[in-house]
Amino acid sequence: MKTDSELVLVTGGLGYIGSHTSVLLLEKGHEVLIVDDLSNSSPEVLDAIAKITGKTPFFETVDLKNQVGVTQLFDDYPNIKGILHFAASKAVGESVQKPIEYYQNNINSLLNVMAAIKTKTNLVFSSSCTVYGQADQLPIAEDCPTKRPESPYGNTKKIGEELLEDATKVHSSLNVMSLRYFNPVGAHPSALIGENPKDIPQNLVPYITQSALGKIAPLTVYGNDYPTPDGTCIRDYIHVMDLANAHILALEYLEQNKSAAHLEIVNLGTGTGHSVMEVIESFKRVSKQNFQYSIGPKREGDITAAYASIEKAKNLLKWEPQHTLDDALASAWKWEQKNHKDNQN
Ligand code: NAD
Ligand code: WQD
């Protein structure tokens, strides 16, 4: 046994959303165990978390696909009371090229964690609005029918929820909430952690900030003849700090509602949709950059519009987003500039 403290296990805790959530957990006084295989993150994030919080979480490099490693982890840390399961591969396009790897990682990792749980445990699963596809009505509430996701990545989220649903019905030790994130953006106000894709970003906001620094080619807006007010797609961009906070409240909710023998599903967005052009305008406003972009063809698989109904999150978790789109873009820009400068030194 490496500690007898009660712990919150954060899988994928050195990644984008996991690192921001780990910071909040530590600041709220939780003892945190981060597990990550570093497949899409770097050890420096651990130093940044320690610098922000003044606390060093427990850390183990474990590939969660490896069942023996996961079993050993739970033997070494028998007092895991809550799990935030962020670890997954998340690149939509890559998942189309490598479906087997995506199912192997995202499904096996989840199954190994679930199988290792022996005592009553609260588990929060990172799901995605991708399970709704192009919803028939907006805003999208949790009871909106899910659709077969376009990508293997998206399908791993749908299957993950189904696995959890089946397991919670019979395993009374499992208390689970699945959080369906809309579009997480932004960074910690310290600019010590943020979104740091290893390859050329596929997502809009990191593409904007990296292209504004000239690191990559100017942005191409994927289509401007959608049936929306300005012709560009609409999404619900949620600040990562608001998202992180919702995870703390989700754990607290599960702690206080031990008997919930079903899978609780909650959307996390702002409840407001913004078009691609509005995101660009927001970036120009907060960065004061003369931002270059062009209009290109539509991207295959893109849906026209998605934004969340967040009534359930408000009622159940007593949560409400605190940050605007401008706040998110300003923090993403601050992070990108600092990250770029540090990498040049
Ligand atoms: P991320 O890639 O930054 O973080 C995931 C972390 O998990 C990485 O640090 C990676 O190294 C680690 N990891 C991956 N496979 C692992 C394994 N087998 N064992 C141990 N560690 C492993 O991604 P993120 O943006 O922080 O996303 C976190 C979660 O939220 C993911 O499950 C993702 O699918 C989900 N999600 C993300 C978004 C988004 O747009 N960022 C939207 C909806 C849902
Ligand atoms: C946002 C908007 C693009 C890049 C993805 C995943 C989804 C979920 C969230 C994990 C769209 C436009 C983008 C560019 C552009 N992730 N765009 N030029 O498509 O909502 O969803 O992230 O679960 O599963 O698919 O987010 O950031 O890729 O795109 O015009 O270079 O920006 O067309 O309208 P998306 P995104």
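1. A helix here is a DSSP run of H or I with at least four residues, and helices are numbered from the N terminus. With that in hand, please keep in mind that you are looking at a predicted model. A good place to start is the end of helix 2: just after this helix, Gly 54 takes a positive phi of about 75°.

2. Helix 2 itself deserves a look. It spans residues 44-53, and 7 of its 10 residues are buried, so the rest of the structure largely encloses it. The buried ones are Val 45, Leu 46, Ala 48, Ile 49, Ala 50, Ile 52 and Thr 53. What covers them? Among the elements over the buried residues of helix 2 are helix 1 (16-27), strand 2 (32-35) and strand 3.

3. Now to the sheet. It is open and made of 7 strands in the order 3-2-1-4-5-6-11, with parallel pairing. Strand 3 (58-60) and strand 11 (264-268) stand at the edges; each has a single partner strand, so one side of each is left without a neighbour in the sheet. From one strand to the next, the twist averages 20°.

4. For a close-up of one pairing, try strand 1 (residues 7-11) and strand 4 (residues 80-85), which run in the parallel sense and share 5 bridges. Leu 7 stands opposite Ile 80 in strand 4. Helix 8 (residues 240-256) packs on the sheet, where it touches strand 1, strand 4, strand 5 (121-128), strand 6 (174-181) and strand 11. The direction of helix 8 makes about 155° with that of strand 6.

5. Gly 18 is a helpful landmark in helix 1. Is Gly 18 buried or exposed? Its relative accessibility is 1%, and the cut-off for buried is under 20%, so Gly 18 counts as buried. Leaving aside residues up to four places away in sequence, Gly 18 touches Val 10, Gly 12, Gly 13 and Phe 86. Gly 18 and His 85 are 67 residues apart in sequence, while their C-alpha atoms are 8.6 Å apart in space.

6. Next, ligand 1. It is surrounded by 28 residues, the closest being Asp 36, Asn 40, Phe 86, Asn 105 and Tyr 153. Backbone N or O atoms meet nitrogen atoms of the ligand in two places: from Asp 37 at 3.1 Å, and from Leu 64 at 3.0 Å. On the side-chain side, a polar atom of Lys 157 lies 2.8 Å from an oxygen atom of ligand 1. Taken alone, ligand 1 exposes 820 Å², and the protein buries 96% of that.

7. Which elements build the shell around ligand 1? Helix 1, helix 5 (99-116), strand 5 and helix 6 (152-170) each supply at least two residues. Strand 5 gives the largest share of that shell, 3 residues.

8. Finally, ligand 2. Here 18 residues form the surroundings, and the closest are Ser 128, Tyr 153, Leu 204, Arg 235 and Asp 302. Side chains reach oxygen atoms of ligand 2 from several residues: a polar atom of Ser 128 lies 2.7 Å away from one, an N or O atom of Arg 299 is 2.8 Å from one, and a polar atom of Asp 302 lies 2.5 Å from one. Ligand 2 exposes 690 Å² when taken alone, of which the protein buries 88%. The largest share of the shell around ligand 2, 4 residues, comes from strand 8 (residues 219-222).

Definitions and conventions:
Residues are numbered from 1 along each chain as its sequence is written. Chains are lettered from A and ligands numbered from 1 in the order in which they are written. This is a predicted model: local features need pLDDT of at least 70, side-chain atom pairs count only at pLDDT 80 or more; totals for chains, interfaces and linings use all residues. Side-chain values use heavy atoms; hydrogens and water are left out. Two strands pair if DSSP finds at least two bridges between them. Axes are lines fitted to C-alpha atoms, for helices over the stretch in contact, and angles run from 0 to 180 degrees between N-to-C directions. Contact means heavy atoms within 4.5 Å. Buried means under 20% relative accessible area, exposed over 50%, partly exposed in between (1.4 Å probe, protein chains only). A residue is near a molecule or strand if one of its heavy atoms lies within 4 Å of it. A polar contact is a pair of N or O atoms within 3.5 Å; within protein, one must be able to donate a hydrogen and the other to accept it, and residues adjacent in sequence count only if both atoms are side-chain atoms. Accessible areas come from the Shrake-Rupley method with a 1.4 Å probe; for residues, only the protein chains shown count as cover.
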